[in-house]
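Got your viewer open? Let's take a walk through this model, one selection at a time.

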Amino acid sequence: RNLARFDNTDDGQAATSLQFLEGVHVFTLSNMLARPIIVLSEDVVRNKHGEAISYNDLYGIYLPLFSRKDACHPEPLVIGYDQSHFCP
């Protein structure tokens, strides 16, 4: 919950430090949509110069395990993840 929170400072300005979404958020979305989600990506996050800067744990297959099987959409939603951005 805290990773996706948006806070304002005391003077009404937007907070400058932002948190990134994680795999648990994609898993939650999969259950909300009652649809599998496949995230295609490299296993590392690269900066604009192509240098690996951190491990990427977002790629993979997310199944709606908390949704009823008969309520799930059978075709997965496939998205790409590159340079900290999702794309269809």
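Start by selecting Y62 and showing its neighbours. Leaving out residues up to four places away in sequence, Y62 touches G23, V26, F27, S30, R35, P36, I37, V39 and D57. Keep in mind as you click around that this is a predicted model.

Now zoom out for a moment. The chain has 1 helix and 6 strands, and if you read along the sequence you get the pattern α-β-β-β-β-β-β. Of the chain's 88 residues, 20% count as buried. Try a surface view too: the chain exposes about 7000 Å², with carbon and sulfur atoms supplying 56% of that.

Next stop, the core. Which residues make up the largest nonpolar core? Select V26, I37, V39, L58, Y62, I79 and Y81, and you have its 7 residues. Strand 1 (37–40) and strand 5 are the elements that give two or more residues to this core. Y62, where we began, is one of the members, and Y62 also touches V26, I37 and V39 among its neighbours.

Time for some rings. A pair of aromatic rings is described by the distance of the centres and the angle of the planes. This structure holds 2 aromatic pairs. For one of them, select F27 and F66: the pair is edge-to-face, at 5.5 Å centre to centre with 75° between the planes. Follow the backbone between the two and you'll see that the pair links distant parts of the chain, 39 residues apart. F27 sits in helix 1 (residues 23–33), while F66 is in the loop between strand 4 (60–62) and strand 5 (77–82).

Are these two rings buried or exposed? F27 has 21% relative accessibility, so F27 counts as partly exposed. F66 has 69%, so F66 counts as exposed.

For the other pair, select Y81 and F86. Their ring centres are 4.8 Å apart and their planes meet at 50°, so this pair is tilted. Y81 counts as buried because its relative accessibility is 12%, and you've already met Y81 as a member of the largest nonpolar core. F86, at 38% relative accessibility, counts as partly exposed.

One last thing to try: show contacts across the whole chain. Among those between residues at least 6 apart in sequence, 54% join residues at least 24 apart. The F27 and F66 pair, 39 residues apart, is a good place to look again with that in mind.

Methods: Residues numbered from 1 in each chain as written. Predicted model: local features only at pLDDT ≥ 70, side-chain atom pairs only at ≥ 80, totals over all residues. Heavy atoms only, no water. Phe/Tyr/Trp six-rings, centres within 6.5 Å; stacked < 30°, edge-to-face > 60°. Helix = DSSP H or I, 4+ residues; strand = E, 2+ residues; numbered from the N terminus. Buried < 20%, exposed > 50% of the residue type's maximum accessible area, 1.4 Å probe, protein only. Core = buried A, V, L, I, M, F, W, Y, C linked by side-chain atoms within 4.5 Å. Contact = heavy atoms within 4.5 Å. Areas by Shrake-Rupley, 256 points an atom, 1.4 Å probe, with all protein chains shown as cover.
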